[in-house]
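Work through the exercises below with the sequence and the three-dimensional model open beside you, and try each task before you read its solution.

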Amino acid sequence: METEKKKEKPDKSFGQGQRETYFDCLRIMATFAVMVLHKTAQNWYTVEAGTFEWKVFCFYDACVRWSVPIFVMISGALFIGGAPKKLERIF
C-alpha cells in the first residue's frame, strides 16, 4: 500500500508555473521609468514652456515613455501563456 502521492512535474511551458526572470528585470526597469515619468510630468506643467528646465523635463519624459507599453506587453504575454502559436491557430 503506497501512502505517498506521486509529485506532479510542473509544466515547463511558458507562463505555466515557471518564472521568467527577464520579465522581472523588465518590470523593475519599467517601474523605475514610470516613477521618473510621473515626476517629470508633474514638474513639466510648473515651468514655462521653452525654457531649458522645460526642455530637460521633456527629454526625461520622452526617454521613459516606453515603460507603460512594456507593462501592457508583459501582461499580455503572461495572460496568453504557452508557447507562441501559429497565426492560423489563433484565428
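**Exercise 1.** In this predicted model, determine which residues Ser67 is in contact with, leaving aside its neighbours within four places in sequence, and establish whether Ser67 is buried or exposed.

*Solution.* Begin with the contacts: once the neighbours within four places in sequence are set aside, Ser67 is in contact with Ala30, Ala33, Val34 and Leu37. Next, place the residue in the secondary structure, where Ser67 belongs to helix α3, which covers residues 67-80. Then turn to accessibility: the relative accessibility of Ser67 is 0%, and since buried means under 20%, Ser67 counts as buried. Finally, look at the polar side chain, for a polar atom of the Ser67 side chain lies 2.9 Å from the backbone oxygen of Val64.

**Exercise 2.** Find which residues of α3 are buried, and work out where they lie when the helix is seen down its axis.

*Solution.* The first step is to list the buried residues of α3, which are Ser67, Ile70 and Ile74. Seen down the axis of α3, these buried residues fall within an arc of 50°, and therefore they line one face of the helix. The second step is to look at the other side of α3, where Val72, Met73, Phe79 and Ile80 are exposed. The third step is to ask what the buried residues pack against, and the partner is α1, residues 21-44.

**Exercise 3.** Compare the end-to-end distances of α3 and α1 with the spans expected at 1.5 Å a residue.

*Solution.* For α3, which has 14 residues, the expected span is 20 Å, and because the end C-alpha atoms are 20 Å apart, the two values agree. For α1, which has 24 residues, the expected span is 34 Å, and the end C-alpha atoms are likewise 34 Å apart, so that here too there is agreement.

**Exercise 4.** Identify the buried residues of α1, say what covers them, and then examine Thr40.

*Solution.* Start with the list: Phe23, Ala30, Ala33, Val34, Leu37 and Thr40 are the buried residues of α1. Their cover includes α2, residues 52-63, together with α3. Now take Thr40, which lies in α1 and has a relative accessibility of 7%, so it counts as buried. If residues up to four places away in sequence are not counted, Thr40 touches Phe57, Tyr60 and Asp61. As a last step, consider one of these pairs along the chain: Thr40 and Tyr60 are 20 residues apart, and their C-alpha atoms are separated by 6.8 Å.

**Exercise 5.** Count the disulfides, and state how exposed Cys25 and Cys58 are.

*Solution.* When the sulfur atoms of a cysteine pair must lie within 2.5 Å, the count comes to 0 disulfides. As for accessibility, Cys25 is partly exposed, with a relative accessible area of 46%, and Cys58 is also partly exposed, at 25% relative accessibility.

**Exercise 6.** Describe the chain as a whole: how many helices and strands does it have, and what share of its residues is buried?

*Solution.* The chain has 4 helices and 0 strands, and along the sequence it follows the pattern α-α-α-α. Of its 91 residues, 18% are buried. Its accessible surface comes to about 8100 Å², and 64% of that surface belongs to carbon and sulfur atoms. To finish, consider the contacts between residues at least 6 apart in sequence, of which 64% join residues at least 24 apart.

Terms used:
Residues are numbered from 1 along each chain as its sequence is written. This is a predicted model: local features need pLDDT of at least 70, side-chain atom pairs count only at pLDDT 80 or more; totals for chains, interfaces and linings use all residues. Side-chain values use heavy atoms; hydrogens and water are left out. Buried means under 20% relative accessible area, exposed over 50%, partly exposed in between (1.4 Å probe, protein chains only). Helices (H or I, at least four residues) and strands (E, at least two) are DSSP runs, numbered from the N terminus. A polar contact is a pair of N or O atoms within 3.5 Å; within protein, one must be able to donate a hydrogen and the other to accept it, and residues adjacent in sequence count only if both atoms are side-chain atoms. Contact means heavy atoms within 4.5 Å. The expected span of a helix is 1.5 Å times one less than its number of residues. The arc is that of the directions from the helix axis to the C-beta atoms. Accessible areas come from the Shrake-Rupley method with a 1.4 Å probe; for residues, only the protein chains shown count as cover.
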